[in-house]
Amino acid sequence: KQNVMVVRDELSHPVSSWTEAAKIVADKEGKGSAPATKTASVTIAEARQQFIDSKESEGNEKITIAKYKLTLDRLKEYCAEKNVTLLEEITSGLLLTWFDTQEHWSAPSARLSFHARMKTFFIFCTSRELISKNPMVAESFKQNVRRYSKDAKKRRQETISPLDAKQVEKLFAACATTPNITAANRSRVHALMLLQRYSGLALVDASCLERDELTHTDTPDGKVYRVKTNRQKSDEPVNNVIPTFVAEELLKVKNGNPNYFFWTGESLSGSVSSHYDKIYRKVFQHAGIETNGQLSHRFRHTFAVELLEAGVPIREVSKALGHSSIQTTEKYYAKWERHQQANLDMKLAEAWPK
């Protein structure tokens with residue numbers, strides 16, 4: 001502020017930024033450079049680069065780095081529109097305005113993901129003394145985030161949309177007729193959908209399933225197959241029996257890597273699920289089924305809801321889904337659990353002495 005006041009007093013024209021003012025004052029004092037004040041000289045672009053370099057040196061996955069880059073690039077572009085170039089010039093009000101006007105984060109869950117990335121960025125900046133105050137600690141910002149946390153919780157339950165039997169049949173049939181898909185991918189996607197439908201695995205876990213994770217036990221009635229793996233997201237074990245016809249179709253899948261059913265093992269796990277997610281979108285569209293903002297996860301929802309409506313206790317459903325706690329299962333499938341409770345109440349009433 002002192003630098004700006006000096007320049008304003010001694011020049012006939014205003015300056016446009018702190019950096020310009022600091023340079024003029026430094027030149028006037030014969031120092032040839034801006035004063036050595038960290039928080040006054042670091043640009044948003046410089047802070048962004050330092051942060052990304054730090055994340056890369058920590059060994060974060062490429063997809064995580066890409067998300068940080070995208071978010072910070074959008075922040076930099078928005079600030080440029082507002083003539084803000086220095087990190088110290090970013091205020092809570094500016095962030096809130098940006099936060100509420102971005103179409104990219106229309107969903108509450110997406111906004112919360114953005115918040116988490118930005119929070120990490122500004123904690124980094126304050127720890128490195130690139131700024132003197134974190135703009136995300138303002139109470140107004142915290143209230144905004146709390147509001148979207150409530151909205152996200154409500155939306156989670158509203159967007160749970162299991163597939164009915166006819167929709168599942170249409171999707172399986174569409175695998176063979178959807179255009180612009182190779183013959184090899186048709187058979188793989190059909191097998192992958194079957195695996196999700198009857199094992200409850202998320203796409204990232206199903207698409208990376210190892211052949212050794214499909215086991216079988218010989219019984220007098222034949223082989224009993226089960227999928228035994230750990231979920232990538234929660235690292236919780238899943239050990240679910242699957243129908244024989246599903247296992248047989250999986251074993252027919254041809255893949256370049258003999259250790260996996262669908263994955264080559266050369267890309268990141270997130271990349272293989274993204275690849276199949278794009279094919280799923282084509283199949284859903286060809287089958288004429290609305291995605292409701294979700295694709296592959298609808299098979300997981302179908303698996304969970306079918307178990308609950310069949311009377312399987314939610315604690316066991318939680319274990320079958322590989323959730324880290326029953327609270328996670330209840331958060332997503334509460335209304336189906338309430339339906340089960342109503343059935344239990346009716347049966348209890350019927351059992352009372354007449």
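Leu344, Leu348 and Trp352 come together as a nonpolar patch on the surface, sharing about 330 Å² of accessible area. A patch here joins residues with over 30% relative accessible area and no salt bridge, linking nonpolar side chains (Val, Leu, Ile, Met, Phe, Trp, Tyr) within 5 Å and like charges within 9 Å; a salt bridge is a side-chain nitrogen of Lys or Arg within 4 Å of a carboxyl oxygen of Asp or Glu. Accessible areas come from the Shrake-Rupley method with a 1.4 Å probe, and for residues only the protein chains shown count as cover.

Before going on, please note that this is a predicted model, in which local features need pLDDT of at least 70 and side-chain atom pairs count only at pLDDT 80 or more, while totals for chains, interfaces and linings use all residues. Residues are numbered from 1 along each chain as its sequence is written, and side-chain values use heavy atoms, with hydrogens and water left out.

Tryptophan 352 sits in the segment after helix 16 (326-351), and it counts as exposed because its relative accessibility is 57%. The cut-offs are under 20% relative accessible area for buried and over 50% for exposed, with partly exposed in between (1.4 Å probe, protein chains only). Within helix 16 you will find asparagine 343, which is partly exposed at 29%. Its C-alpha atom is separated by 9.5 Å from that of glutamate 309, 34 residues apart along the chain.

Stepping back, the protein chain has 16 helices and 3 strands, taken as DSSP runs numbered from the N terminus (helices H or I, at least four residues; strands E, at least two). Buried residues account for 40% of its 354 residues.

Now for the interior. The largest nonpolar core has 41 residues, and Leu171, Met193, Leu250, Phe262, Tyr280, Val283 and Phe284 touch the most other members. Helix 13 (269-287) is among the elements that each supply at least two residues of this core, and its share, 7 residues, is the largest. Such a core is a set of buried Ala, Val, Leu, Ile, Met, Phe, Trp, Tyr and Cys residues joined through side-chain atoms within 4.5 Å. Leucine 171 has contacts (heavy atoms within 4.5 Å) that include Met193, Val283 and Phe299, leaving aside residues up to four places away in sequence.

What about the cysteines? Cysteine 79 is buried at 0% relative accessible area, and cysteine 175 is buried at 3%. The structure holds 0 disulfides, a disulfide being a pair of cysteine sulfur atoms within 2.5 Å.
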